[in-house]
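Here is a short tour of some surface features and a small sheet. Have the sequence and the 3D view at hand as you read.

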Amino acid sequence: MSGTTIATVTKIVSYTDTIRCYTLRLDKMYRFLAGQFVQLTLELVSGSDYWPESRTYSIGFFDVHEKTIELIIKNQGIYSNRIFNELALGSTCTLKYPYGDFTLPEDDDFDDIVCIAGGTGISPFFSFILELQSRSLLHKMRLFYSVKCVNDIIRYEFLHKYLGERMKLFTTRENSALSYHRRIEICDVVDESNEHKITHFYISGSHDFIEFFVQKLSIAGVKNIHYDFWK
Amino acid sequence: MGNSKLRDEILQKVAQFYHEEHEEKNRKFEPGKDTVSFAGRIFNQEELVNLVDASLDFWLTTGRYAAEFENEFAQFMDRKYCLVTNSGSSANLLAISALTSPLLGERRLIAGDEVITVAAGFPTTVNPIIQNGLIPVFVDVEMGTYNIKVGELEKALSSRTKAVVIAHTLGNPFNLDVIVDFVKTNHLFLVEDCCDAVGSTYNGKMVGTFGDLATVSFYPAHHITMGEGGAVLTNKSIYERIVRSFRDWGRDCYCEPGSNNTCGRRFSMQFGTLPEGYDHKYVYSHIGYNLKITDMQAAVGVAQLKKLPEFISIRKDNFRKLWEALHQYQDYFILPIATEKSDPSWFAFPITVKTNNLFSKNQIVNYLENKKILTRQLFGGNLTRQPAYNGANFRVVGDLVNTDYIMNNTFFIGVYPGIEEHKMQYIIDSFRDFFRGFSV
């Protein structure tokens with residue numbers, strides 16, 4: 001049940017040279033589930049036009065009353081380079097949304113949720129936090145978040161405020177008081193009890209990152225593994 | 001969107017056309033000469049303007065208006081998901097077919113499973129049950145509410161029962177307390193056919209929000225219209241996904257018309273025993289149909305949706321006027337009874353003629369029809385007696401005594417918003433004159 005809307009850029013935050021967070025105000029705020037994604041095109045089109053070239057981005061932070069969403073965009077190709085060059089404050093683009101199955105269990109009687117994020121893969125977990133907070137279920141979420149350097153961490157204060165000790169940070173190329181100076185290992189996310197087998201695991205990151213954890217978790221006997229990736 | 005100045009000019013002319021061509025026609029009524037229909041489309045320039053606006057896109061298939069309608073109607077019905085389709089009958093087909101999806105695992109319905117329903121209703125509530133190889137189990141209905149007799153549910157239950165599929169008859173909600181408890185206790189699916197009941201509430205909640213899936217019709221007789229149209233509503237994403245697939249050729253892909261690679265993985269997945277990377281646009285996970293609507297139909301629906309609260313209010317008001325006028329004849333009529341705890345958004349005003357020595361149902365129906373007051377039977381009457389079901393595989397609980405009585409003695413007249421005050425008075429006067437003929 002997706003729709004098309006014009007979106008206006010209201011804020012741009014640069015985390016690094018190649019990672020930005022765009023805040024977009026939407027003409028039409030359709031209902032979506034935490035974890036879903038949008039298709040973004042730089043052209044202005046309606047829902048009754050052929051859909052032009054676009055790219056897929058997870059909905060991160062959002063504000064239903066302000067009708068805004070945030071997209072974390074990494075400049076890593078021709079189209080994302082165009083986005084960096086053409087999408088300035090006040091400019092418009094078109095979104096089509098929402099899509100995807102990378103979503104939280106719909107009933108409230110689920111067990112713990114473990115989120116494993118690599119780099120900009122953190123994005124959908126912002127919407128998870130907001131959704132779980134609204135359902136008073138945030139205590140069920142744990143986050144394992146891996147980046148290269150401390151500067152790559154997106155919205156640290158927000159994550160720390162809402163997750164506190166339920167978040168573990170990993171910086172693979174830098175030593176820091178905030179983080180473990182290594183990659184996330186499978187023993188970090190599954191423990192010796194068998195409870196992990198019914199926990200819902202959500203993995204978001206690069207294709208290799210996802211494949212690694214899907215394989216390791218499957219071997220560990222985990223039943224509920226959720227991931228979403230696109231090429 | 002192209003030449004917007006020219007588009008605006010065209011749409012202004014369309015509005016003008018409505019005022020010159022349709023507005024007066026809609027108001028004209030000469031008692032005894034013009035028909036008082038039981039239902040019909042109510043529209044103004046907005047529907048025509050939207051329809052032409054959609055046609056100017058020349059998109060033809062599902063597009064921006066369908067997306068807008070789905071989002072707004074879902075909100076109105078207090079559901080997360082709405083999928084428009086080309087009729088209420090198709091909506092029922094989709095809802096029931098969805099319950100057979102392999103994605104539902106062991107809960108899915110398979111051939112030979114039983115579905116509890118009623119025979120006193122419309123055929124396309126029941127047909128998809130048979131079309132999916134399932135067995136309808138017909139239960140009798142109550143007089144006055146015309147809804148399922150909840151006391152018979154346990155008799156209908158068997159080891160093969162998997163679902164309950166019933167309509168809120170003529171807008172009157174069925175006993176949802178009992179039905180919801182019954183389906184929960186017995187782990188059954190519930191499909192609410194709300195085709196005649198948009199806006200009805202039970203315990204203050206919209207009908208269509210109690211079951212796994214709900215269906216609605218937008219045929220011109222209904223609360224709002226698209227001409228031809230319908231919708232399936234649900235709160236669960238898995239059902240949304242399944243219904244969408246069945247609606248859209250059975251495919252796994254969820255790209256809208258004119259889009260590609262929405263999932264971002266069009267050529268990088270493997271399904272069934274297809275080769276790896278087979279185009280996701282042509283992977284089929286269900287044996288489905290194409291039941292989409294055109295954007296032109298949805299455009300009419302978007303305009304209608306704005307009027308829906310007013311339409312519901314008028315229907316309730318017309319029902320009340322008829323009830324107040326006709327309750328003096330309760331020695332001869334069984335008048336409709338709203339289910340306890342409900343506030344129906346009535347589709348029509350059903351009347352059952354009690355056995356009496358003055359007149360039969362056919363006589364009063366003929367009288368009203370001769371007065372140009374259109375009447376209708378309660379749809380299929382007793383579906384088990386319809387020729388279409390001769391040889392069909394179904395089970396009947398008891399003798400369907402009330403169902404047969406309704407088939408023989410019940411008719412309905414309209415309460416739709418097109419019955420304005422002067423037409424309502426004409427109906428009331430006609431009933432009065434009928435009974436005067438017997439010096440009652």
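The report below looks at two surface patches and then at one sheet.

Please keep in mind that this is a predicted model.

Let's begin on chain A. A patch of positive charge sits on the surface, where Lys74(A), Lys148(A), Arg173(A) and Arg183(A) come together. To find Arg183(A), go to the loop that links strand S10 (167-171) with helix H4 (186-189) of chain A. Arg183(A) counts as exposed because its relative accessible area is 64%, and the cut-off for exposed is over 50%.

Chain B offers a patch of another kind. Trp249(B), Leu274(B), Tyr278(B), Tyr282(B) and Tyr284(B) make up a nonpolar surface patch, and together they have about 530 Å² of accessible area. Trp249(B) belongs to the loop between helix H8 (237-247) and helix H9 (295-326) of chain B. With a relative accessible area of 41%, Trp249(B) is partly exposed.

The two patch residues can be set out like this:

| Residue | Relative accessible area | Class |
|---|---|---|
| Arg183(A) | 64% | exposed |
| Trp249(B) | 41% | partly exposed |

Now for the sheet, also in chain B. Its three strands follow the order S7-S6-S11, and they form an open sheet with antiparallel pairing. Strand S7 (205-206) and strand S11 (342-343) of chain B are the edge strands, each pairing on one side only. Which residue of S11(B) stands opposite Tyr202(B)? That partner is Ser342(B). Strand S6 (residues 201-202) of chain B is joined to S11(B) by two bridges, and the two run antiparallel.

Key
Residues are numbered from 1 along each chain as its sequence is written. Chains are lettered from A and ligands numbered from 1 in the order in which they are written. This is a predicted model: local features need pLDDT of at least 70, side-chain atom pairs count only at pLDDT 80 or more; totals for chains, interfaces and linings use all residues. Side-chain values use heavy atoms; hydrogens and water are left out. Patches are made of residues with over 30% relative accessible area and no salt bridge: like charges are joined within 9 Å, nonpolar side chains (Val, Leu, Ile, Met, Phe, Trp, Tyr) within 5 Å. Accessible areas come from the Shrake-Rupley method with a 1.4 Å probe; for residues, only the protein chains shown count as cover. A salt bridge is a side-chain nitrogen of Lys or Arg within 4 Å of a carboxyl oxygen of Asp or Glu. Lys and Arg count as positive and Asp and Glu as negative; His and the chain ends are not counted. The place of a charge is taken as NZ of Lys, CZ of Arg, CG of Asp or CD of Glu. Helices (H or I, at least four residues) and strands (E, at least two) are DSSP runs, numbered from the N terminus. Buried means under 20% relative accessible area, exposed over 50%, partly exposed in between (1.4 Å probe, protein chains only). Two strands pair if DSSP finds at least two bridges between them.
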